[in-house]
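Student: Could we go through the buried parts of this protein together, one question at a time?

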Amino acid sequence: MTAMASSRVLILNRSYQPVQVARVQRAFGLLYSGAAQALDENFQAFDFKSWSELSARAHDDTISTSQLVLRVPRILVLQTYDKLPRTRVRFSRQNIYLRDNFTCQYCAKRFVRQKLNLDHVVPRSQGGRTTWENVVCSCVRCNLTKGGRTPQQANMKLLKKPKRPSWHSLMPILGQVPYKEWLPFIDPVAASYWNTELES
Ligand SMILES: [Zn+2]
């Protein structure tokens with residue numbers, strides 16, 4: 001009846017957008033202090049007191065204090081804005097490949113890692129910077145064709161405008177979604193389903 005060491009709690013901001021993944025102890029700190037509420041499997045919100053009154057029986061992930069057995073929540077929602085900083089994605093080769101889904105951003109074909117390069121959209125020789133907004137995944141062939149030119153100069157078209165990814169947009173690709181309860185908030189399709197304004 002103890003929390004699995006690997007248990008993680010997804011932290012959402014007040015707009016139900018993921019901002020962090022926390023360890024159990026940290027999550028209970030937020031819940032206990034009132035900074036956050038816990039969501040159950042029906043996405044109903046509970047404060048610490050009402051959460052502690054939920055039965056922990058028949059639940060496989062719990063923690064025990066001297067007086068209580070508590071369910072480990074899968075999701076918390078912050079009650080105030082900007083309590084936690086958003087987790088940032090490291091600007092790395094691997095994460096650029098992941099963002100671009102191992103797809104050449106010029107010919108739109110998927111390649112194995114070894115056949116891919118990083119391309120500066122605006123070449124460094126023309127003042128292009130090494131940033132999320134100016135570096136894309138490119139196959140060796142397109143990279144050579146483009147050379148030291150901008151896409152416009154080389155008459156090549158980018159698949160999409162590169163931008164900084166959010167860490168949770170990379171999670172499904174990385175296979176790091178340990179609980180099904182997280183999916184509505186992380187999976188881009190499901191997230192847009194939940195967040196799109198409905199027509200009356
Ligand atoms: Zn290509």
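The questions below deal with the cores of this predicted model and with one of its strands.

Student: Which element gives the most residues to the largest nonpolar core?

Tutor: The largest nonpolar core has 22 residues, and those with the most contacts inside it are Ile11, Leu12, Leu31 and Leu76. Two or more residues come from each of strand S1 (8–12), helix H1 (24–33), strand S3 (36–39), strand S7 (75–78) and helix H7 (183–186). Among these, the element that gives the most, with five residues, is H1.

Student: Which residues does leucine 76 touch, not counting residues up to four places away in sequence?

Tutor: Leu76 is one of the residues with the most contacts inside the largest core, and contact here asks for C-beta atoms within 7 Å. With residues up to four places away in sequence set aside, leucine 76 touches Val9, Ile11, Leu12, Ala27, Leu30, Leu31, Ala36, Gln37 and Ala38.

Student: How many residues of strand S9 are buried?

Tutor: On one side of S9, Val135, Cys137 and Cys139 are buried, and on the other side Val136 and Ser138 are buried, so that both faces are covered. The strand spans residues 135–139 and is largely enclosed by the rest of the structure, because the number of its residues that are buried is five of the five.

Student: Which residue stands opposite cysteine 137 in S9?

Tutor: Cys137 belongs to a second, separate core of 10 residues, which also includes Leu116, Val135 and Cys139. Strand S8 (residues 116–120) runs antiparallel to S9 and is joined to S9 by five bridges. Across from cysteine 137 stands leucine 118.

Methods:
Residues are numbered from 1 along each chain as its sequence is written. This is a predicted model: local features need pLDDT of at least 70, side-chain atom pairs count only at pLDDT 80 or more; totals for chains, interfaces and linings use all residues. A nonpolar core is a set of buried Ala, Val, Leu, Ile, Met, Phe, Trp, Tyr and Cys residues joined through C-beta atoms within 7 Å. A residue is buried if 20 or more other C-beta atoms lie within 10 Å of its own, exposed if 12 or fewer, and partly exposed in between; C-beta atoms are placed from the backbone. Helices (H or I, at least four residues) and strands (E, at least two) are DSSP runs, numbered from the N terminus. Two residues are in contact if their C-beta atoms, placed from the backbone, lie within 7 Å. Two strands pair if DSSP finds at least two bridges between them.
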